[in-house]
Amino acid sequence: MMMENLTWDEFKEVKERIDTVVIPIGSIEAHGKHLPLNTDVLAPVEIAKRVEKKLQEIGKDVLIAPPVNYGHTFVLNVYPGTINVRAETLRAYVRDIIEEFATEGFKRIILLNGHGGNVYPLVEAAEDAAEKFEDIEVWLINWWIDFREDILSICSSQGHAGEDETSVILAIKPELVKMGKAVGEKRAYGVRKIKKNIGLELFPEGVNDNPRGATREKGEAILEIVSEKIMRLILEELR
Ligand SMILES: [Zn+2]
């Protein structure tokens, strides 16, 4: 059930029978010269829709909330088009959203995250809300981390604007992918180094993986396994 299409009285009726809401959370940021700026929004929104479709096929449903488009993206902020929201702002903003859904009566609030820089602010937002509302549970799903093993059984590598992410966007919106410009390589330090403009070293051109091996078929396979596994996790909990 897509919340954005409902009127308030329809929403009122829906929340009487649905107790789980999925909130896709992304980032507007550089993803190389081959992927769109909203890559991290497109992926979790698509996964949420597929989870919903699978649940509906067996007579169950969740509410899908409109996405949080902007995220915390310190590292990529050296590239044009990256719109960074400070961690404390994202934490407070998402906390308020979680608490509003809790007040509406939702018991299971699933943050379906598409971006690495969001992870810590989202954990803190969830903890803030859980502190206040004892009867809710917040799930934080980081699709590329939680299902890494499955993804690496499909792709030879994984990374920002890399083989996995590029494959996923090829499956969702192939018309937005410029494979002719897809270049990059894996880069890492042994420890996490934080300094201004580190994105230029760690994410040259906004990429940190080799995207050349990306295909639409791999993207389809990733979306399928990730949405299937999330659907099963939710199904175990649904009334
Ligand atoms: Zn991304």
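A residue counts as buried when its relative accessible area is under 20%. Keep that cut-off in mind as we walk through this predicted model, starting at the metal.

The zinc ion is held by three residues: His-31 through NE2, Asp-40 through OD and Glu-165 through OE, at 1.9 to 2.1 Å. Along the chain, these donors follow the pattern H-x8-D-x124-E. How exposed are the first two residues of that pattern? His-31 sits at 0% relative accessibility, so it is buried, and Asp-40, at 1%, is buried too.

Now for the charged pairs. The structure has 21 salt bridges, and Arg-108 is a good place to pick up the thread. Its side chain meets that of Asp-19 in a salt bridge, 3.8 Å from N to O. Arg-108 belongs to strand 3 and Asp-19 to the loop between helix 1 and strand 1, so this contact ties together parts 89 residues apart in sequence. Arg-108 is buried at 7%, and Asp-19 is buried at 10%.

Arg-108 also forms a salt bridge with Glu-137, with the closest N and O atoms 3.1 Å apart. Glu-137 lies in strand 4, so here strand 3 is tied to a part 29 residues away in sequence. Unlike buried Arg-108, Glu-137 is partly exposed, at 33%.

Over on the helices, Arg-91 pairs with Glu-124, again by a salt bridge, with closest N and O atoms 3.1 Å apart. Because Arg-91 is in helix 3 and Glu-124 in helix 4, the pair ties together parts 33 residues apart in sequence. Arg-91 is partly exposed at 28%, as is Glu-124 at 32%. Both belong to a salt-bridge network that also takes in Arg-95, Asp-96 and Asp-128.

Definitions and conventions
Residues numbered from 1 in each chain as written. Predicted model: local features only at pLDDT ≥ 70, side-chain atom pairs only at ≥ 80, totals over all residues. Heavy atoms only, no water. Donors = N, O, S within 2.8 Å, 3.2 Å for Na, K, Ca; no water. Buried < 20%, exposed > 50% of the residue type's maximum accessible area, 1.4 Å probe, protein only. Salt bridge = Lys/Arg side-chain N within 4 Å of Asp/Glu carboxyl O. Helix = DSSP H or I, 4+ residues; strand = E, 2+ residues; numbered from the N terminus.
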